Amino acid sequence: MASAENRLIQQLPVEVRRRFLDRCEPFDLVLSAELSVRGQPLTHACFPRTGFISLVIDVDSHPPLEVGMVGRESMLGSELVLGLAKTPWRALVQGAGSSWRIGAEALRNSLVDMPALLDVVQASLLVRLHQQALASACERFHPIGPRLARWLLMSQDRAQSDTFHVTQEFIALMLGVRRVGITMAAGGFQDSGLIEYHRGEVTVLNRTALEAEACSCYVADKQIHAELTAHRH
């Protein structure tokens with residue numbers, strides 16, 4: 001049996017995990033690929049093994065805004081547990097990698113057949129709801145610098161590497177701010193030796209210091225995940 005690096009799948013009992021993976025297929029997460037379209041039926045769920053996905057909202061004529069991030073700790077498509085097939089966001093691959101993929105109908109059938117899978121998918125959806133509420137408050141009240149530090153830490157966690165690819169233009173879109181604000185904040189982090197940025201490659205040099213710069217939402221986000229999934233480990 002192929003090993004499952006996705007943490008939700010790892011939580012499943014061995015036999016349930018084997019049965020579920022038999023219904024999945026390997027699926028490459030290609031950088032910038034759009035995995036779901038706002039208002040369109042969701043055709044598949046994805047369980048990242050490496051790489052990560054941004055959930056992006058488009059509002060009127062405003063630039064896109066990131067409202068969530070999915071890495072190996074979670075899944076894309078947990079809302080299928082509610083029987084819904086449409087999403088209010090676009091899912092864009094932000095970090096290339098690999099995943100397990102399963103069709104929407106096959107997932108629904110698996111949720112009926114495998115109570116343990118239903119349990120972890122429901123927990124994943126609950127975590128997302130809490131984290132998106134926190135993200136909304138963060139975007140409204142916290143300054144660019146602390147938000148940027150939080151976003152870099154979240155990206156590093158999911159990239160599973162000190163170095164990952166991202167452009168300042170993309171960060172500005174994800175945080176819903178002007179690029180000049182990102183340039184100034186990132187420049188300050190670079191001057192202080194927290195990060196190194198060169199041709200779209202970010203390297204975190206001093207994670208401890210970057211955590212000190214991040215807004216409280218970074219720690220709160222991790223606590224939400226730990227508390228809502230603790231009894232399932």
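What volume does the largest pocket have? Some notes on that and on the small sheet follow.

1. First, the answer, with a caveat: this is a predicted model, and in it the largest pocket has a volume of about 590 Å³. If you plan to look around in there, start with M69, Q131, M154, R158 and D221, since these are the residues of the lining that lie nearest the pocket's centre. The lining as a whole counts 30 residues.

2. Where does that lining come from? Five elements give two or more residues each to the largest pocket: strand β5 (65–70) and the helices α4 (115–141), α5 (144–159), α6 (168–175) and α9 (217–229). Helix α4 supplies the largest share, with 8 residues.

3. On chemistry, the lining of the largest pocket splits into 12 nonpolar, 6 polar and 12 charged residues. R158 and D221, two of the residues nearest the centre, fall in the charged class.

4. There is a second largest pocket too, holding about 160 Å³ of space. Its wall is made by L31, S32, L92, V93, Q94, H165, V166, T167 and F170. Strand β6 (residues 90–95) gives the largest share here, 3 residues.

5. How many charged residues line the second largest pocket? There are none: the classes come out as 5 nonpolar and 4 polar. For the largest pocket, keep in mind the 12 charged residues mentioned above.

6. Now the sheet. Three strands make up an open, antiparallel sheet, and the order across it is β8-β10-β9. The edges are β8 (163–165) and β9 (195–198), each of which pairs on one side only. From one strand to the next, the twist averages 20°. H165, in the lining of the second largest pocket, falls within the residue range of edge strand β8.

7. Looking closer at one pairing, β9 and β10 (residues 201–204) run antiparallel and are joined by 4 bridges. You can check the register by eye: H198 stands opposite E201, and Y197 stands opposite V202. As a reminder when you inspect side chains, those in a regular strand alternate between the two faces of the sheet.

8. Finally, the turn. Which residue takes a positive phi in the hairpin of β9 and β10? That is R199, with a phi near 50°, in a hairpin that has 2 residues between its strands.

Notes
Residues are numbered from 1 along each chain as its sequence is written. This is a predicted model: local features need pLDDT of at least 70, side-chain atom pairs count only at pLDDT 80 or more; totals for chains, interfaces and linings use all residues. Side-chain values use heavy atoms; hydrogens and water are left out. Two strands pair if DSSP finds at least two bridges between them. Axes are lines fitted to C-alpha atoms, for helices over the stretch in contact, and angles run from 0 to 180 degrees between N-to-C directions. On a 1 Å grid over the protein atoms alone, a cavity is a set of points where a 1.4 Å probe fits but cannot get out, and a pocket is an open set with protein on both sides within 12 Å along at least five of seven lines; lining residues have an atom within 4 Å of a point. Grid points are joined across faces, edges and corners, and a volume is the space filled by probe spheres set on the points.
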